[in-house]
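Please open the structure in your viewer and keep a selection box ready, as this tour goes from one charged pair to the next.

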Amino acid sequence: MHIQHNELEDRGVFYIKGPNGVISELNYSKDNEQQITIHHTETKIPQEGKGLASKLVEHTVLHARKNKLKVHPLCPFAEVQFDRNPSYKDVLSL
């Protein structure tokens, strides 16, 4: 499984591709130089339940740490992942 990343000036996406295109993605906006907001995660129905969206949230957390960013998990799925993983608190935007 290879997570890919595309980023423009004010938004970005982490995604996983399968043989027929994107199977899971996480969209975020860049609020400023110190914070991103996760707006949406989605996994195609045939791929649901395999932990792909969770991996994307984890990858976003690693990206935030590497780039000294805070994360605002506006997406309900991402918010639950932050609640379930106390190790993510260091990047959680207050």
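A residue is called buried when its relative accessible area is under 20%, exposed when that value is over 50%, and partly exposed in between (1.4 Å probe, protein chains only). This is a predicted model, in which local features need pLDDT of at least 70 and side-chain atom pairs count only at pLDDT 80 or more, whereas totals for chains, interfaces and linings use all residues. Residues are numbered from 1 along each chain as its sequence is written, and side-chain values use heavy atoms, with hydrogens and water left out.

Select Arg65 to begin: this residue is partly exposed, with a relative accessible area of 34%. Add Asp90, partly exposed at 43%, and you have a salt bridge (a side-chain nitrogen of Lys or Arg within 4 Å of a carboxyl oxygen of Asp or Glu), whose closest N and O atoms are 2.9 Å apart. The pair joins distant parts of the chain, since Arg65 lies in helix α1 (residues 52-66) and Asp90 in the segment after α2 (76-84), 25 residues apart. Helices (H or I, at least four residues) and strands (E, at least two) are DSSP runs, numbered from the N terminus.

Next, select Glu7 and Lys30, which form a salt bridge with closest N and O atoms 3.7 Å apart. Glu7 belongs to strand β1 (residues 3-7) and Lys30 to strand β3 (residues 21-30), so that distant parts of the chain, 23 residues apart, are linked. Glu7 is partly exposed at 38%, as is Lys30 at 28%.

Finally, select Arg11 with Asp10, where the closest N and O atoms of the salt bridge are 3.4 Å apart.
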